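Let's take a look at a protein model together and see how its pieces are arranged. We'll begin with cysteines and then move on to a sheet and its helices.

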Amino acid sequence: MDNHTPQERAARVPTIHIISDSVGVTAQAVARAAAAQFGVNDPKIEVLPKVQNFQQIRSFLDEHTAYHVHTLGDDRLLVFFTLVDRAMCQETAAYIAEHDNIVGVDIMTGAIDAIADLSGMAPTSRAGSLRDADEGYFRRIAAIEFTIEHDDGRNPEGLTEADIVLLGVSRSSKTPLSIYLSQQGFKVANVPLDPSTEPPSQIYEVYRTRLFGLMTTADVRTDIRQRRLGNAAVVASRYADPEYIYEDLEKARALMRKLGCIVIHTEKRAVEETAQEILRYYVRSHPSTPDISE
């Protein structure tokens with residue numbers, strides 16, 4: 001059992017040094033996913049992007065080794081590298097192998113070689129291919145912009161233009177889900193449900209197959225609200241009162257039933273898991289939906 005506090009875990013996870021001949025987004029995503037397995041969602045990351053030659057890489061590693069020795073008394077480095085230039089990748093791997101203080105992770109080579117072996121094709125060896133400005137790229141950018149403009153009930157007149165509309169009480173992961181889905185190319189709007197205010201009238205004009213209600217339990221919301229209030233709980237006791245929270249959830253459920261939307265529970269679930277459930281329902285109702293997640 002891990003008895004370390006979040007701060008202690010964050011301190012123990014080493015800085016992850018990223019080297020890329022593109023912008024390093026792929027390696028950063030892998031780094032964060034790996035660190036999350038140790039309870040650290042925001043690890044320390046140092047990036048050397050758009051490298052042109054091995055000399056830049058060697059200088060980066062030498063400088064950071066010296067910095068670690070000076071500040072921490074420890075010369076060890078953790079390095080993730082994504083280099084599609086085969087010669088530069090091999091030089092980097094050889095340099096790391098010669099230095100016992102460096103732990104290196106080659107993120108791209110194994111994946112590229114596996115695809116090449118099974119497909120019989122040769123890789124382009126062109127940095128940044130994933131981020132080429134193709135039709136799908138522009139579609140995702142447009143979806144992200146739309147989603148930001150329609151976060152938390154803003155611009156309700158655009159609800160009917162959304163691919164997906166999320167309804168939910170506070171702390172049901174509306175915004176994280178919206179952003180995640182938009183990165184897959186879906187235009188998402190989210191609308192907060194609050195018993196003290198009426199939802200926008202435009203919500204009744206949205207097709208029910210595009211409406212998804214996000215629900216959590218009264219226990220989860222009570223715990224979150226009590227922790228957020230801290231010493232102010234006595235002053236704002238109604239905010240964290242279980243009975244008030246239960247009534248809030250019941251009103252939200254009633255509206256969701258009236259609208260006929262699919263209800264998704266978000267408690268104790270990762271954003272990715274909830275998003276996939278939403279997409280399963282969505283694609284089933286919209287079979288002509290293009291595969292815009294690629």
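## Cysteines, strands and helices

This structure holds zero disulfides, a disulfide being a pair of cysteine sulfur atoms within 2.5 Å. In general, a disulfide is a covalent bond between the sulfur atoms of two cysteines. Keep in mind that this is a predicted model, where local features need pLDDT of at least 70, side-chain atom pairs count only at pLDDT 80 or more, and totals for chains, interfaces and linings use all residues. Residues are numbered from 1 along each chain as its sequence is written, and side-chain values use heavy atoms, with hydrogens and water left out.

Here are two cysteines that count as buried (under 20% relative accessible area, with exposed over 50% and partly exposed in between; 1.4 Å probe, protein chains only):

| Residue | Relative accessibility |
|---|---|
| Cys 89 | 3% |
| Cys 261 | 8% |

Now for the sheet. It's an open one with four parallel strands, ordered β6-β5-β7-β8. Strands here are DSSP runs (E, at least two residues), as are helices (H or I, at least four), numbered from the N terminus; two strands pair if DSSP finds at least two bridges between them. β6 (188-192) and β8 (262-265) each have a single partner strand, so one side of each lacks a neighbour in the sheet. On average, neighbouring strands are turned by 25 degrees against each other, direction ignored.

What packs on this sheet? Helix α7 (residues 174-183) does, touching β5 (164-168), β6 and β7, where contact means heavy atoms within 4.5 Å.

How values were computed
Axes are lines fitted to C-alpha atoms, for helices over the stretch in contact, and angles run from 0 to 180 degrees between N-to-C directions.
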